[in-house]
Amino acid sequence: MAYPELKRDERFRAFIPQSLPDGPCLHLDDLSEIHLAENSAEFVAMQERARLRAGHGDLVAAIAPDVDGYENYCRNQLGLGSVDWIHPKATENPLRVAHACWEDRSVRHELIHRLRTDALMHLHLHMGTVGGWELAELLQIHSRRPLKVIGPPPALTQLVNNKVAFTQIVEWLLGPEAVPQTFSAWNSATLSKVVSEFPDSIRTVGVKRPNSAGGMGIVILEMAPFRGRSLQDIHDLLMEALAPIHWDDGSELLLGAWEDDVLCSPSVQMWLPPTGDGMPVIEGIFAQHMRQGTAEFDGTTAANLPESVGQRIADQAWQIACLFQQLGYIGRCSVDTILAGSSLSSARIEFIECNGRWGGTSAPMTLMNRLFGDWCRRPFAARSVSLDGLRQVTFQHFLNHLGDHAYDQRTGQGHFILFVPGRMRMESTVGLIVVGNSYMEVDRLLKSTFPELLATAVSATDSFAQSLRPKVCWREAVRRSTSAWQVAEGKPRPAPLCQPSVGVVRICRTQDCLPKCVGNDIHPLITGVTRQGPARKYVIGFISSRRALAVAFKEPDADAFRIIRQLIYRRLLSHAVIVTPHQEAECLTSNE
């Protein structure tokens with residue numbers, strides 16, 4: 001096999017360390033090159049995950065604003081050392097942290113100054129994005145100081161994360177039995193023909209975007225509706241089914257036979273040091289937990305496998321890691337597998353994909369290593385836990401509510417560790433690690449104790465908020481929102497609705513309902529299709545005066561509240577009143 005695109009990495013050879021460097025490090029989690037994350041503000045909060053690997057004297061870069069109390073919690077209660085946070089101003093894409101670090105003049109100057117004073121020695125990237133390596137290149141040029149990067153070079157990063165390329169590599173290295181039966185297609189015509197020719201033995205197919213993550217870019221198709229159909233009918237059915245993964249005709253897709261006898265899906269966590277520091281290390285094999293009813297990843301725990309099976313998985317994964325290391329890969333990497341068959345002891349091992357980056361398993365595992373010396377010493381599970389109303393609860397309030405249940409490194413007591421707290425405000429979700437003395441205890445804490453604590457925290461906060469929230473009739477809010485549109489047209493300014501810098505949100509059923517004053521002055525902020533269900537499109541834009549916001553929905557639903565909260569979280573909107581004909585107005589402010 002030949003991959004000439006790897007030649008592009010020659011440009012960055014000077015930044016590749018021969019051994020892991022010592023000294024202060026800049027950690028940044030730039031997720032801008034992950035498909036389906038690239039236009040989602042929800043992923044801004046995931047930049048905070050870099051804190052789990054940052055040590056004393058390091059820096060963490062994030063577009064997301066500080067969460068009150070979180071750094072103090074990491075520094076004192078978890079004992080992770082003192083780090084400095086830098087918050088560059090967001091560019092057009094808030095996920096492009098590396099680009100923002102250079103574009104923000106004050107951040108750029110601070111990083112250059114730190115390099116010149118040996119207060120910054122290297123960059124540790126979430127994944128080897130082009131932006132991350134270009135940031136290193138620019139900083140070295142302008143500081144005239146050496147800088148090393150921990151992470152795979154960009155072209156190699158793209159190669160190992162591409163599910164089609166990874167399947168080819170594993171088949172070449174380990175043989176065809178090491179991967180499921182797969183096909184690829186670059187356009188809808190080829191895709192339709194491939195589906196039409198599937199044998200009757202293939203009853204279910206997984207269709208994946210090659211560079212997606214977390215189970216977001218996958219659709220599971222039952223083959224029965226496609227049997228005996230014309231190519232045109234197959235094409236139409238496929239286009240409807242693939243709408244949730246936003247596939248553009250002309251980009252690559254991977255089709256794989258969906259195994260009926262899957263027993264579990266272990267993930268192998270690996271660390272690939274520079275060749276001067278030794279061979280790759282297999283750090284653990286973990287069982288992935290999927291969100292109920294979906295293929296989306298939402299947590300992990302140690303895999304309970306027969307020793308012989310675990311050893312076979314580790315041996316084969318290590319061969320893949322050695323190959324990647326010889327290609328120049330440095331840093332965190334994982335490979336996902338499935339075990340299929342009638343029993344674990346005799347199951348066949350098939351490699352599904354590679355995650356050439358830090359992820360939802362490696363980050364909690366690394367934190368456990370830091371807290372306990374080795375994650376194996378304490379049974380644990382990591383989860384993303386969601387509950388309506390959690391966004392109303394501040395991190396510090398929730399931490400106080402957990403009390404002695406929150407793990408404290410100083411005493412060794414407690415069971416719950418919180419991370420990525422920005423998701424609380426944005427997604428009503430919190431990152432959680434549950435630590436126990438046995439996996440039975442971990443399971444009980446996760447399914448019973450924590451949900452009870454979560455519910456009481458939300459209930460208490462919601463009761464307090466309801467006592468303070470003004471009741472606004474939606475008809476009155478609509479009248480005032482109409483006045484706000486008149487302001488944009490140069491008409492007399494009405495009294496402010498809630499505060500001087502008010503932004504008013506109108507929810508319409510079609511884009512035609514937007515006020516005429518928007519015209520060609522609308523500035524799109526977010527466009528797309530919601531993940532759940534086809535064709536629920538929305539368009540958002542500011543009027544040129546930046547005094548009001550228009551939202552057009554085909555179907556007004558919970559998306560309105562989620563999107564507006566994202567805009568407030570990103571500081572693009574200071575205050576909003578969301579109005580629908582079937583409920584009271586809801587006031588949202590940047591102080592939530």
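**A predicted model, from an exposed loop to a parallel sheet**

Asp-248 sits in the loop that links α8 (231-241) to β9 (253-257). In this predicted model, the residue is exposed, with a relative accessible area of 53%. Although Asp-248 and Ser-188 are 60 residues apart along the chain, their C-alpha atoms are separated by 9.1 Å.

Stepping back from this loop, the protein as a whole can be described. Its secondary structure comprises 15 helices and 24 strands. Of the 592 residues in the protein, 54% are buried. Contacts between residues distant in sequence are well represented: when contacts with a separation of 6 or more are considered, 70% of them join residues 24 or more positions apart. The surface exposed by the protein amounts to about 26,000 Å², and carbon and sulfur atoms account for 50% of that area.

Among the strands, five come together in an open sheet whose order is β3-β2-β1-β4-β5, with parallel pairing. At its edges lie β3 (84-86) and β5 (148-150), each of which pairs on one side only. On average, neighbouring strands in this sheet are turned by 25° against each other, direction ignored. Within the sheet, strand β1 (residues 25-28) runs parallel to strand β2 (residues 59-61), and the two are joined by three bridges. One residue pair can be picked out here: Leu-28 has Ala-61 in β2 as its bridge partner. A helix also packs into this picture, as α4 (residues 130-143) lies across β1, β4 (122-125) and β5. Relative to β4, helix α4 runs at about 170°.

The cysteines deserve a closer look, with disulfides in mind. A disulfide is a covalent bond between the sulfur atoms of two cysteines. A search of the whole structure returns zero disulfides. For Cys-333, the closest cysteine sulfur belongs to Cys-354 and is 3.5 Å away; the cut-off for a disulfide is within 2.5 Å, so this pair is too far apart for a bond. Cys-333 is itself buried, with a relative accessible area of 0%. Cys-25 likewise counts as buried, because its relative accessibility of 3% falls under the 20% limit. The residue number of Cys-25 also brings the description back to the sheet, since strand β1 covers residues 25-28.

Definitions and conventions. Residues numbered from 1 in each chain as written. Predicted model: local features only at pLDDT ≥ 70, side-chain atom pairs only at ≥ 80, totals over all residues. Heavy atoms only, no water. Pairing = 2+ DSSP bridges. Helix = DSSP H or I, 4+ residues; strand = E, 2+ residues; numbered from the N terminus. Axes fitted to C-alpha atoms, helices over the stretch in contact; angles between N-to-C directions. Contact = heavy atoms within 4.5 Å. Buried < 20%, exposed > 50% of the residue type's maximum accessible area, 1.4 Å probe, protein only. Areas by Shrake-Rupley, 256 points an atom, 1.4 Å probe, with all protein chains shown as cover.
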